[in-house]
Amino acid sequence: HSLRSLIKQMGMSGAWALVSGDLAGAAGARAAQQMMSFKFSRDAEREADAVGFEALVGAGINPAGMPAFFAMLNEGSAAPPELLSTHPSSQARRQALAGRLQQLGSQSFTSLPYQPWPPED
């Protein structure tokens with residue numbers, strides 16, 4: 001993801017320089033580049049969520065904890081607007097993962113044993 005992001009940022013810088021004629025990279029170019037990098041970062045996070053979900057399903061582990069985790073993160077959070085964030089909102093991530101979970105239907109999974117954290121000595 002990092003390399004992909006760097007390549008996209010370099011491309012955006014070049015495109016801005018051609019359009020604006022500003023080869024020095026003024027503040028406007030940097031701001032536009034930063035906003036685009038947020039979008040690429042959010043896309044990478046969505047991809048990571050999907051890959052993680054599929055890894056759990058592939059291992060036969062119930063992925064229901066993923067949307068539950070993002071629901072918990074969303075409770076009482078005062079996050080910036082998604083447009084200004086490097087991550088999708090917790091609510092959007094919960095909804096996407098809940099949709100994936102619903103598509104699995106009645107598939108059965110192995111339950112992982114619950115152990116309190118931190119472990120007791």
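## A tour from Arg93 outward

Select Arg93 to begin: this residue is buried, with a relative accessible area of 10%. The model is a predicted one. Burial here means a relative accessible area under 20%, so Arg93, at 10%, falls inside that class. Arg93 sits in helix 4.

Now show the neighbours of Arg93. Leaving out residues up to four places away in sequence, Arg93 touches Glu45, Asp49, Phe70, His87 and Pro88. Keep Phe70 in view, because Phe70 returns at the next stop as one of the helix 3 residues that meet helix 4.

**Next stop: helix 3 against helix 4**

Select residues 65–74 for helix 3 and residues 90–103 for helix 4. The two helices pack at an angle of about 160°, and their axes are 8 Å apart. That angle makes helix 3 roughly antiparallel to helix 4, because angles over 145 degrees count as such. Turn the view to look across the pair: helix 3 passes helix 4 in a left-handed crossing.

Then colour the contact by residue. On the helix 3 side, pick Met66, Pro67, Phe70, Ala71, Leu73 and Asn74. On the helix 4 side, pick Ser90, Gln91, Arg93, Arg94, Leu97, Ala98 and Leu101. What is the make-up of this contact, in nonpolar, polar and charged residues? Eight are nonpolar, three are polar and two are charged.

**Next stop: Phe69**

Stay on helix 3 and select Phe69. Is Phe69 buried or exposed? Phe69 is partly exposed, with a relative accessible area of 40%. That value places Phe69 between the cut-offs, since buried means under 20% and exposed means over 50%.

Draw a distance from Phe69 to Arg93. Their C-alpha atoms are 9.8 Å apart in space, and the two residues are 24 apart in sequence.

**Next stop: Ser108**

Move on to the segment after helix 4, where Ser108 is found. Ser108 is exposed, with a relative accessible area of 65%. Add Ile61 to the selection. The C-alpha atoms of Ser108 and Ile61 are separated by 8.9 Å, with their positions 47 residues apart along the chain.

**Last stop: the whole protein**

Zoom out and show the cartoon. The protein has four helices and zero strands. From the N terminus on, the order of elements reads α-α-α-α.

Switch to the surface. The accessible surface comes to about 8,500 Å², and 61% of that belongs to carbon and sulfur atoms. Of the 121 residues, 18% are buried; Arg93, where the tour began, is buried too.

Finally, display the contacts. Among those between residues at least 6 apart in sequence, 72% join residues at least 24 apart.

Conventions: Residues numbered from 1 in each chain as written. Predicted model: local features only at pLDDT ≥ 70, side-chain atom pairs only at ≥ 80, totals over all residues. Heavy atoms only, no water. Axes fitted to C-alpha atoms, helices over the stretch in contact; angles between N-to-C directions. Parallel < 35°, antiparallel > 145°, perpendicular 65-115°, else oblique. Left-handed = near helix turned anticlockwise from the far one by under 90°. Contact = heavy atoms within 4.5 Å. Nonpolar A, V, L, I, M, F, W, Y, C, P; charged D, E, K, R; others polar. Buried < 20%, exposed > 50% of the residue type's maximum accessible area, 1.4 Å probe, protein only. Areas by Shrake-Rupley, 256 points an atom, 1.4 Å probe, with all protein chains shown as cover.
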